[in-house]
Amino acid sequence: MINVIGLGYIGLPTALMLAAHGVEVVGTDCNQKLVKTLNAGKTTFKENGLDKLFNKAVKSGIKFTTEYQVTDIYIVSVPTPYDKFSKKVDACFVVAAVGDVLTVCPKGATIVIESTVSPGTIDKYVRPAIEAKGLVIGKDIHLVHAPERIIPGNMVYELLNNNRTIGADEREIGEKVKSLYASFCQGEIVVTDIRTAEMTKVVENTFRAVNIAFANELAKICRHDNMDVYEIIKICNMHPRVNILQPGPGVGGHCISVDPWFLVGDYPSLAKVIDESMKTNDGMPEFVLNRIYEIMKEKGMTDASRIGLYGLTYKENVDDMRESPTLQLLECQERHLAVPLKVYDPFIIHDVVPNQYHDFDKFLDNVDMIVIMVKHSEILENMNKIAGKIVLDCHNICNFSGVYHI
Ligand code: SAJ
(Lines give C-alpha, C1' and ligand atoms only; values in the text may rest on other atoms or scores of the structure.)
Protein backbone atom coordinates (compact mmCIF):
# COMPACT_ATOMS: atom_id res chain seq x y z
CA MET A 1 0.00 0.00 0.00
CA ILE A 2 1.14 3.55 -0.76
CA ASN A 3 0.30 6.39 1.60
CA VAL A 4 0.21 9.71 -0.27
CA ILE A 5 0.63 12.61 2.17
CA GLY A 6 -0.89 15.92 0.99
CA LEU A 7 -3.82 15.86 -1.42
CA GLY A 8 -3.40 19.20 -3.19
CA TYR A 9 -2.73 20.04 -6.83
CA ILE A 10 -0.02 17.36 -7.16
CA GLY A 11 -0.73 14.83 -4.42
CA LEU A 12 -4.34 14.23 -5.43
CA PRO A 13 -3.76 13.49 -9.14
CA THR A 14 -0.75 11.31 -8.24
CA ALA A 15 -2.74 9.31 -5.68
CA LEU A 16 -5.63 8.90 -8.12
CA MET A 17 -3.34 7.87 -10.96
CA LEU A 18 -1.64 5.16 -8.86
CA ALA A 19 -5.00 3.84 -7.64
CA ALA A 20 -6.47 3.88 -11.16
CA HIS A 21 -3.55 1.66 -12.21
CA GLY A 22 -4.19 -1.01 -9.61
CA VAL A 23 -1.98 0.19 -6.75
CA GLU A 24 -3.52 0.15 -3.26
CA VAL A 25 -3.53 3.81 -2.16
CA VAL A 26 -4.56 5.74 0.93
CA GLY A 27 -4.48 9.54 0.61
CA THR A 28 -3.84 11.49 3.81
CA ASP A 29 -4.36 15.22 4.34
CA CYS A 30 -4.51 17.24 7.55
CA ASN A 31 -7.35 19.37 6.09
CA GLN A 32 -10.53 17.68 7.41
CA LYS A 33 -12.79 19.65 5.07
CA LEU A 34 -10.81 18.54 2.02
CA VAL A 35 -10.89 14.88 3.12
CA LYS A 36 -14.64 15.17 3.75
CA THR A 37 -15.20 16.58 0.23
CA LEU A 38 -13.18 13.76 -1.35
CA ASN A 39 -15.03 11.16 0.70
CA ALA A 40 -18.31 12.72 -0.46
CA GLY A 41 -17.22 11.83 -4.01
CA LYS A 42 -16.15 15.31 -5.14
CA THR A 43 -12.82 16.59 -6.42
CA THR A 44 -11.39 19.74 -4.86
CA PHE A 45 -10.25 21.67 -7.95
CA LYS A 46 -11.03 21.80 -11.66
CA GLU A 47 -8.66 20.04 -14.03
CA ASN A 48 -9.11 18.36 -17.41
CA GLY A 49 -9.93 14.67 -16.93
CA LEU A 50 -9.59 14.79 -13.12
CA ASP A 51 -13.19 13.81 -12.35
CA LYS A 52 -12.98 10.79 -14.63
CA LEU A 53 -9.71 9.72 -13.04
CA PHE A 54 -11.26 10.26 -9.59
CA ASN A 55 -14.17 7.95 -10.38
CA LYS A 56 -11.80 5.28 -11.65
CA ALA A 57 -9.63 5.55 -8.52
CA VAL A 58 -12.67 5.35 -6.23
CA LYS A 59 -13.85 2.21 -8.05
CA SER A 60 -10.36 0.77 -7.51
CA GLY A 61 -10.70 1.36 -3.77
CA ILE A 62 -8.68 4.52 -3.00
CA LYS A 63 -9.30 5.83 0.53
CA PHE A 64 -8.98 9.36 1.94
CA THR A 65 -8.28 10.11 5.58
CA THR A 66 -6.58 12.53 7.97
CA GLU A 67 -4.59 9.65 9.51
CA TYR A 68 -1.08 8.56 8.52
CA GLN A 69 -0.95 4.86 7.58
CA VAL A 70 1.41 2.08 8.62
CA THR A 71 3.03 1.01 5.37
CA ASP A 72 6.41 0.78 3.63
CA ILE A 73 6.17 3.52 0.97
CA TYR A 74 5.08 7.12 1.53
CA ILE A 75 4.81 9.87 -1.08
CA VAL A 76 5.01 13.33 0.47
CA SER A 77 3.41 16.06 -1.61
CA VAL A 78 2.88 18.98 0.73
CA PRO A 79 3.31 22.72 -0.05
CA THR A 80 6.73 24.39 0.07
CA PRO A 81 6.09 28.11 0.52
CA TYR A 82 8.92 30.59 0.19
CA ASP A 83 9.76 33.56 2.30
CA LYS A 84 9.10 36.66 0.20
CA PHE A 85 11.89 38.63 1.90
CA SER A 86 14.72 36.13 2.15
CA LYS A 87 13.63 34.38 -1.12
CA LYS A 88 14.37 31.06 0.57
CA VAL A 89 12.24 27.95 0.58
CA ASP A 90 10.39 27.16 3.78
CA ALA A 91 10.59 23.40 4.23
CA CYS A 92 8.50 23.35 7.42
CA PHE A 93 5.58 21.38 5.91
CA VAL A 94 7.89 18.78 4.36
CA VAL A 95 9.81 18.36 7.62
CA ALA A 96 6.55 18.14 9.61
CA ALA A 97 5.08 15.55 7.22
CA VAL A 98 8.26 13.44 7.35
CA GLY A 99 8.21 13.74 11.16
CA ASP A 100 4.61 12.49 11.24
CA VAL A 101 5.49 9.58 8.92
CA LEU A 102 8.30 8.59 11.30
CA THR A 103 5.81 8.25 14.19
CA VAL A 104 3.97 5.44 12.37
CA CYS A 105 6.23 3.87 9.72
CA PRO A 106 8.02 0.56 10.24
CA LYS A 107 11.81 0.32 9.97
CA GLY A 108 13.01 0.02 6.37
CA ALA A 109 10.21 2.26 4.98
CA THR A 110 10.82 4.51 1.97
CA ILE A 111 9.81 8.19 2.03
CA VAL A 112 9.46 9.74 -1.42
CA ILE A 113 9.38 13.54 -1.42
CA GLU A 114 7.51 14.95 -4.42
CA SER A 115 7.23 18.54 -3.16
CA THR A 116 9.49 21.02 -4.96
CA VAL A 117 12.40 22.00 -2.71
CA SER A 118 15.46 24.11 -3.33
CA PRO A 119 18.71 22.22 -3.97
CA GLY A 120 20.16 21.07 -0.66
CA THR A 121 16.89 21.21 1.31
CA ILE A 122 16.79 17.47 1.91
CA ASP A 123 20.39 17.49 3.20
CA LYS A 124 19.84 20.59 5.31
CA TYR A 125 16.44 19.92 6.86
CA VAL A 126 15.05 16.46 6.14
CA ARG A 127 18.09 14.27 6.90
CA PRO A 128 18.80 15.96 10.28
CA ALA A 129 15.12 15.59 11.26
CA ILE A 130 15.32 11.84 10.62
CA GLU A 131 18.73 11.41 12.25
CA ALA A 132 17.57 13.35 15.31
CA LYS A 133 15.20 10.45 16.02
CA GLY A 134 18.16 8.08 16.15
CA LEU A 135 17.29 6.54 12.78
CA VAL A 136 19.93 5.61 10.21
CA ILE A 137 19.16 6.78 6.66
CA GLY A 138 19.77 3.96 4.19
CA LYS A 139 18.94 1.33 6.82
CA ASP A 140 15.99 2.38 8.98
CA ILE A 141 14.60 4.87 6.46
CA HIS A 142 15.21 5.24 2.72
CA LEU A 143 14.94 8.69 1.19
CA VAL A 144 13.90 9.51 -2.38
CA HIS A 145 13.10 12.75 -4.21
CA ALA A 146 10.73 12.41 -7.17
CA PRO A 147 9.84 15.97 -8.27
CA GLU A 148 6.65 16.40 -10.25
CA ARG A 149 6.60 17.98 -13.72
CA ILE A 150 2.92 18.19 -14.64
CA ILE A 151 1.44 21.40 -16.00
CA PRO A 152 -1.92 22.64 -14.65
CA GLY A 153 -4.48 22.43 -17.45
CA ASN A 154 -2.97 19.20 -18.82
CA MET A 155 -2.04 17.35 -15.63
CA VAL A 156 -3.65 14.00 -16.31
CA TYR A 157 -2.08 13.67 -19.77
CA GLU A 158 1.32 14.81 -18.50
CA LEU A 159 1.25 12.47 -15.49
CA LEU A 160 0.88 9.60 -17.93
CA ASN A 161 3.31 10.78 -20.58
CA ASN A 162 6.05 13.04 -19.16
CA ASN A 163 9.54 11.76 -18.48
CA ARG A 164 10.41 11.87 -14.78
CA THR A 165 13.37 12.07 -12.43
CA ILE A 166 13.91 9.92 -9.35
CA GLY A 167 16.68 10.96 -6.98
CA ALA A 168 17.78 8.32 -4.45
CA ASP A 169 20.76 7.59 -2.17
CA GLU A 170 20.71 3.93 -3.11
CA ARG A 171 20.34 2.63 -6.65
CA GLU A 172 18.09 -0.31 -5.74
CA ILE A 173 15.69 1.94 -3.82
CA GLY A 174 15.62 4.32 -6.81
CA GLU A 175 14.78 1.38 -9.08
CA LYS A 176 12.02 0.20 -6.70
CA VAL A 177 10.39 3.64 -6.72
CA LYS A 178 10.91 3.84 -10.50
CA SER A 179 8.86 0.65 -10.95
CA LEU A 180 6.11 2.12 -8.76
CA TYR A 181 5.85 5.22 -11.00
CA ALA A 182 6.17 3.01 -14.09
CA SER A 183 2.81 1.48 -13.10
CA PHE A 184 1.25 4.50 -14.84
CA CYS A 185 4.03 6.65 -16.34
CA GLN A 186 4.77 5.90 -19.97
CA GLY A 187 7.65 8.39 -20.18
CA GLU A 188 11.31 7.65 -19.51
CA ILE A 189 12.19 7.58 -15.80
CA VAL A 190 15.77 8.57 -14.96
CA VAL A 191 17.32 7.50 -11.65
CA THR A 192 19.92 9.89 -10.20
CA ASP A 193 20.98 11.23 -6.81
CA ILE A 194 18.79 13.40 -4.57
CA ARG A 195 20.76 16.66 -4.94
CA THR A 196 20.63 16.41 -8.75
CA ALA A 197 16.89 15.70 -8.69
CA GLU A 198 16.30 18.76 -6.48
CA MET A 199 18.35 20.97 -8.80
CA THR A 200 16.82 19.74 -12.08
CA LYS A 201 13.30 20.56 -10.92
CA VAL A 202 14.17 24.13 -9.99
CA VAL A 203 16.32 24.59 -13.11
CA GLU A 204 13.45 23.51 -15.40
CA ASN A 205 11.12 26.13 -13.97
CA THR A 206 13.91 28.72 -13.96
CA PHE A 207 14.58 28.08 -17.66
CA ARG A 208 10.96 28.89 -18.43
CA ALA A 209 10.89 31.94 -16.14
CA VAL A 210 14.02 33.42 -17.75
CA ASN A 211 12.64 32.82 -21.23
CA ILE A 212 9.29 34.42 -20.39
CA ALA A 213 11.22 37.37 -18.92
CA PHE A 214 13.09 37.71 -22.21
CA ALA A 215 9.77 37.91 -24.08
CA ASN A 216 8.47 40.45 -21.55
CA GLU A 217 11.59 42.57 -21.93
CA LEU A 218 11.20 42.49 -25.71
CA ALA A 219 7.59 43.65 -25.28
CA LYS A 220 8.82 46.64 -23.25
CA ILE A 221 11.51 47.51 -25.81
CA CYS A 222 9.00 47.25 -28.66
CA ARG A 223 6.44 49.36 -26.79
CA HIS A 224 9.07 52.06 -26.24
CA ASP A 225 9.67 52.41 -29.99
CA ASN A 226 6.25 51.35 -31.25
CA MET A 227 7.27 48.03 -32.83
CA ASP A 228 5.06 44.94 -33.06
CA VAL A 229 6.58 42.44 -30.60
CA TYR A 230 4.29 39.62 -31.72
CA GLU A 231 5.24 39.96 -35.37
CA ILE A 232 8.92 40.15 -34.38
CA ILE A 233 8.72 37.02 -32.20
CA LYS A 234 6.79 35.17 -34.92
CA ILE A 235 9.48 35.92 -37.51
CA CYS A 236 12.40 35.21 -35.14
CA ASN A 237 10.86 31.84 -34.26
CA MET A 238 11.08 30.85 -37.91
CA HIS A 239 14.86 30.65 -37.36
CA PRO A 240 15.74 26.98 -36.73
CA ARG A 241 17.46 27.67 -33.39
CA VAL A 242 15.22 30.42 -31.95
CA ASN A 243 12.13 29.71 -29.86
CA ILE A 244 10.97 32.79 -27.96
CA LEU A 245 8.03 32.48 -25.54
CA GLN A 246 5.13 34.94 -25.34
CA PRO A 247 5.03 38.19 -23.36
CA GLY A 248 2.12 38.55 -20.95
CA PRO A 249 0.66 40.59 -18.08
CA GLY A 250 2.83 38.77 -15.54
CA VAL A 251 3.85 35.34 -14.38
CA GLY A 252 1.74 33.57 -11.80
CA GLY A 253 1.23 30.10 -10.39
CA HIS A 254 3.09 28.46 -7.57
CA CYS A 255 6.00 27.24 -9.69
CA ILE A 256 7.52 29.51 -12.32
CA SER A 257 6.95 32.62 -10.25
CA VAL A 258 8.37 31.02 -7.10
CA ASP A 259 11.00 28.30 -7.70
CA PRO A 260 13.64 30.48 -9.44
CA TRP A 261 13.70 32.69 -6.34
CA PHE A 262 15.12 29.68 -4.44
CA LEU A 263 18.30 29.99 -6.53
CA VAL A 264 18.44 33.76 -6.05
CA GLY A 265 17.93 33.29 -2.30
CA ASP A 266 20.68 30.67 -2.00
CA TYR A 267 23.17 32.16 -4.51
CA PRO A 268 22.50 35.92 -4.49
CA SER A 269 25.89 36.87 -5.92
CA LEU A 270 25.78 34.22 -8.67
CA ALA A 271 22.17 34.05 -9.89
CA LYS A 272 22.19 37.47 -11.61
CA VAL A 273 20.32 36.67 -14.84
CA ILE A 274 17.71 34.80 -12.82
CA ASP A 275 17.32 37.69 -10.36
CA GLU A 276 16.79 40.26 -13.13
CA SER A 277 14.41 37.93 -14.97
CA MET A 278 12.25 37.45 -11.91
CA LYS A 279 12.14 41.21 -11.33
CA THR A 280 11.13 41.74 -14.96
CA ASN A 281 8.28 39.22 -14.67
CA ASP A 282 7.16 40.58 -11.29
CA GLY A 283 7.07 44.09 -12.79
CA MET A 284 4.64 43.19 -15.57
CA PRO A 285 1.34 43.83 -13.68
CA GLU A 286 2.54 47.37 -12.94
CA PHE A 287 3.57 47.76 -16.58
CA VAL A 288 0.00 46.80 -17.60
CA LEU A 289 -1.40 49.29 -15.09
CA ASN A 290 0.69 52.04 -16.68
CA ARG A 291 -0.61 50.97 -20.11
CA ILE A 292 -4.15 51.35 -18.74
CA TYR A 293 -3.35 54.95 -17.67
CA GLU A 294 -1.83 55.73 -21.09
CA ILE A 295 -4.87 54.37 -22.91
CA MET A 296 -7.29 56.23 -20.61
CA LYS A 297 -5.42 59.45 -21.39
CA GLU A 298 -5.40 58.78 -25.13
CA LYS A 299 -9.14 58.00 -25.14
CA GLY A 300 -10.03 60.90 -22.84
CA MET A 301 -11.43 58.40 -20.36
CA THR A 302 -11.66 59.72 -16.80
CA ASP A 303 -13.84 57.18 -15.00
CA ALA A 304 -11.64 54.27 -13.87
CA SER A 305 -14.70 52.45 -12.54
CA ARG A 306 -15.61 51.73 -16.19
CA ILE A 307 -12.48 49.58 -16.62
CA GLY A 308 -12.83 45.81 -16.34
CA LEU A 309 -10.15 43.17 -15.89
CA TYR A 310 -11.00 39.89 -17.60
CA GLY A 311 -9.52 36.95 -15.67
CA LEU A 312 -8.39 36.38 -12.08
CA THR A 313 -6.62 33.04 -12.34
CA TYR A 314 -2.90 32.79 -12.95
CA LYS A 315 -3.43 31.41 -16.46
CA GLU A 316 -6.10 30.19 -18.85
CA ASN A 317 -8.67 27.51 -18.13
CA VAL A 318 -7.60 26.71 -14.56
CA ASP A 319 -9.25 27.81 -11.29
CA ASP A 320 -5.95 28.48 -9.50
CA MET A 321 -5.32 32.09 -8.40
CA ARG A 322 -1.96 31.61 -6.68
CA GLU A 323 0.40 34.52 -7.49
CA SER A 324 -2.12 35.67 -10.11
CA PRO A 325 -0.99 38.70 -12.20
CA THR A 326 -4.52 40.16 -11.86
CA LEU A 327 -4.33 40.05 -8.06
CA GLN A 328 -0.86 41.64 -8.27
CA LEU A 329 -2.24 44.36 -10.55
CA LEU A 330 -5.15 45.05 -8.17
CA GLU A 331 -2.75 45.34 -5.23
CA CYS A 332 -0.66 47.79 -7.21
CA GLN A 333 -3.73 49.72 -8.39
CA GLU A 334 -4.97 50.23 -4.82
CA ARG A 335 -1.87 52.35 -4.25
CA HIS A 336 -2.58 54.55 -7.30
CA LEU A 337 -6.26 54.75 -8.28
CA ALA A 338 -8.98 55.61 -5.81
CA VAL A 339 -11.68 53.76 -7.75
CA PRO A 340 -11.47 49.99 -7.78
CA LEU A 341 -11.43 48.27 -11.18
CA LYS A 342 -14.13 45.77 -12.07
CA VAL A 343 -13.18 42.11 -12.38
CA TYR A 344 -14.67 38.96 -13.85
CA ASP A 345 -13.48 35.37 -14.22
CA PRO A 346 -15.68 32.46 -15.32
CA PHE A 347 -13.61 30.04 -13.21
CA ILE A 348 -13.95 31.94 -9.92
CA ILE A 349 -17.44 31.49 -8.59
CA HIS A 350 -16.92 33.04 -5.13
CA ASP A 351 -16.23 36.71 -4.37
CA VAL A 352 -12.52 37.19 -3.80
CA VAL A 353 -12.10 40.87 -4.65
CA PRO A 354 -14.38 43.94 -4.55
CA ASN A 355 -16.37 44.75 -7.71
CA GLN A 356 -16.27 41.17 -8.92
CA TYR A 357 -18.86 40.03 -11.46
CA HIS A 358 -20.08 36.49 -12.00
CA ASP A 359 -21.85 37.03 -15.29
CA PHE A 360 -19.90 37.90 -18.44
CA ASP A 361 -22.68 39.95 -20.07
CA LYS A 362 -23.37 41.98 -16.91
CA PHE A 363 -19.63 42.63 -16.54
CA LEU A 364 -19.47 43.87 -20.15
CA ASP A 365 -22.53 46.12 -19.65
CA ASN A 366 -20.68 47.89 -16.85
CA VAL A 367 -17.32 48.57 -18.50
CA ASP A 368 -16.06 50.66 -21.43
CA MET A 369 -12.51 49.31 -21.37
CA ILE A 370 -11.69 45.62 -21.04
CA VAL A 371 -8.21 44.40 -20.15
CA ILE A 372 -7.65 40.78 -21.17
CA MET A 373 -5.48 39.44 -18.36
CA VAL A 374 -6.22 35.74 -18.97
CA LYS A 375 -7.05 34.04 -22.29
CA HIS A 376 -9.75 31.66 -21.06
CA SER A 377 -11.56 29.74 -23.84
CA GLU A 378 -14.73 31.68 -22.93
CA ILE A 379 -13.36 34.98 -24.24
CA LEU A 380 -11.81 33.35 -27.30
CA GLU A 381 -15.25 31.98 -28.16
CA ASN A 382 -17.01 35.33 -27.52
CA MET A 383 -14.80 37.84 -29.32
CA ASN A 384 -17.86 39.42 -30.95
CA LYS A 385 -19.09 40.58 -27.51
CA ILE A 386 -16.05 42.77 -26.84
CA ALA A 387 -15.60 44.18 -30.36
CA GLY A 388 -17.20 47.56 -29.51
CA LYS A 389 -15.11 48.17 -26.37
CA ILE A 390 -11.73 49.75 -25.79
CA VAL A 391 -9.60 46.60 -25.49
CA LEU A 392 -6.16 46.15 -23.94
CA ASP A 393 -5.24 42.67 -25.14
CA CYS A 394 -2.36 41.33 -23.01
CA HIS A 395 -2.19 38.04 -24.94
CA ASN A 396 -2.59 39.08 -28.58
CA ILE A 397 -5.75 37.04 -29.04
CA CYS A 398 -8.05 39.66 -30.65
CA ASN A 399 -8.38 39.57 -34.39
CA PHE A 400 -10.04 42.96 -34.92
CA SER A 401 -8.46 46.38 -35.40
CA GLY A 402 -8.08 49.18 -32.85
CA VAL A 403 -6.94 46.84 -30.09
CA TYR A 404 -4.21 47.97 -27.67
CA HIS A 405 -1.35 45.70 -26.63
CA ILE A 406 1.16 45.67 -23.77
N1 SAJ B 1 3.42 32.54 -19.34
C2 SAJ B 1 3.78 33.64 -20.10
N3 SAJ B 1 4.30 33.44 -21.35
C4 SAJ B 1 4.47 32.19 -21.87
C5 SAJ B 1 4.13 31.07 -21.09
C6 SAJ B 1 3.60 31.28 -19.82
O7 SAJ B 1 3.64 34.79 -19.68
O8 SAJ B 1 4.94 32.09 -23.02
C9 SAJ B 1 2.87 32.73 -17.97
C10 SAJ B 1 1.47 32.10 -17.76
O11 SAJ B 1 0.46 32.94 -18.21
C12 SAJ B 1 1.47 31.87 -16.26
C13 SAJ B 1 2.94 31.58 -15.93
O14 SAJ B 1 3.68 32.03 -17.05
O15 SAJ B 1 1.09 33.04 -15.56
C16 SAJ B 1 3.27 30.12 -15.70
O17 SAJ B 1 2.50 29.29 -16.55
P18 SAJ B 1 3.08 28.03 -17.33
O19 SAJ B 1 1.96 27.47 -18.10
O20 SAJ B 1 4.31 28.39 -18.05
O21 SAJ B 1 3.57 27.03 -16.18
P22 SAJ B 1 2.91 26.47 -14.83
O23 SAJ B 1 3.39 27.33 -13.70
O24 SAJ B 1 1.46 26.26 -14.96
O25 SAJ B 1 3.63 25.02 -14.73
C26 SAJ B 1 5.04 24.95 -14.67
C27 SAJ B 1 5.57 23.92 -15.69
N28 SAJ B 1 7.01 24.02 -15.80
C29 SAJ B 1 7.64 24.10 -17.02
O30 SAJ B 1 7.03 24.13 -18.07
C31 SAJ B 1 9.13 24.13 -17.00
C32 SAJ B 1 5.15 22.50 -15.27
O33 SAJ B 1 5.73 21.53 -16.12
C34 SAJ B 1 5.61 22.24 -13.81
O35 SAJ B 1 5.20 20.94 -13.38
C36 SAJ B 1 4.97 23.28 -12.92
O37 SAJ B 1 5.44 24.58 -13.35
C38 SAJ B 1 5.38 22.99 -11.48
O39 SAJ B 1 4.53 22.48 -10.73
O40 SAJ B 1 6.54 23.19 -11.11
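Trainee: How do the residues lining the largest cavity of this predicted model divide into nonpolar, polar and charged?

Mentor: That lining has three nonpolar, two polar and four charged residues. Among the residues lining the largest cavity are P147, E148, R149 and I150. Glu and Arg count as charged, so E148 and R149 belong to the charged class.

Trainee: What makes this space a cavity?

Mentor: A cavity is a set of points where a 1.4 Å probe fits but cannot get out. About 60 Å³ of space lies in the largest cavity, and the structure holds one cavity of 30 Å³ or more.

Trainee: Where does the ligand sit, then?

Mentor: The ligand takes up the space of the largest pocket. A pocket is an open set of points, so the word differs from cavity for that reason.

Trainee: Why is the ligand's link to I150 called a polar contact?

Mentor: An oxygen atom of the ligand is 2.8 Å from a polar backbone atom of I150. The cut-off for a pair of N or O atoms is 3.5 Å, so this pair qualifies. The backbone of G252 also offers a polar atom, 3.0 Å from a ligand oxygen. With K315, an N or O atom of the side chain is 2.9 Å from an oxygen of the ligand. Taken alone, the ligand exposes 780 Å², and the protein buries 86% of that.

Trainee: Which residues come nearest to the ligand?

Mentor: Of the 19 residues around the ligand, these are E148, K201, N205, R208 and Y314. By class, the shell has nine nonpolar, four polar and six charged residues.

Key:
Residues numbered from 1 in each chain as written. Predicted model: local features only at pLDDT ≥ 70, side-chain atom pairs only at ≥ 80, totals over all residues. Heavy atoms only, no water. Near = heavy atom within 4 Å. Polar contact = N/O pair within 3.5 Å; in protein donor to acceptor, adjacent residues only side chain to side chain. Areas by Shrake-Rupley, 256 points an atom, 1.4 Å probe, with all protein chains shown as cover. 1 Å grid on protein atoms, 1.4 Å probe; cavity = no way out; pocket = protein on both sides within 12 Å on 5 of 7 lines; lining within 4 Å. Sits in = over half its atoms within 2 Å of the grid points. Points joined across faces, edges and corners; volume = space filled by probe spheres on them.
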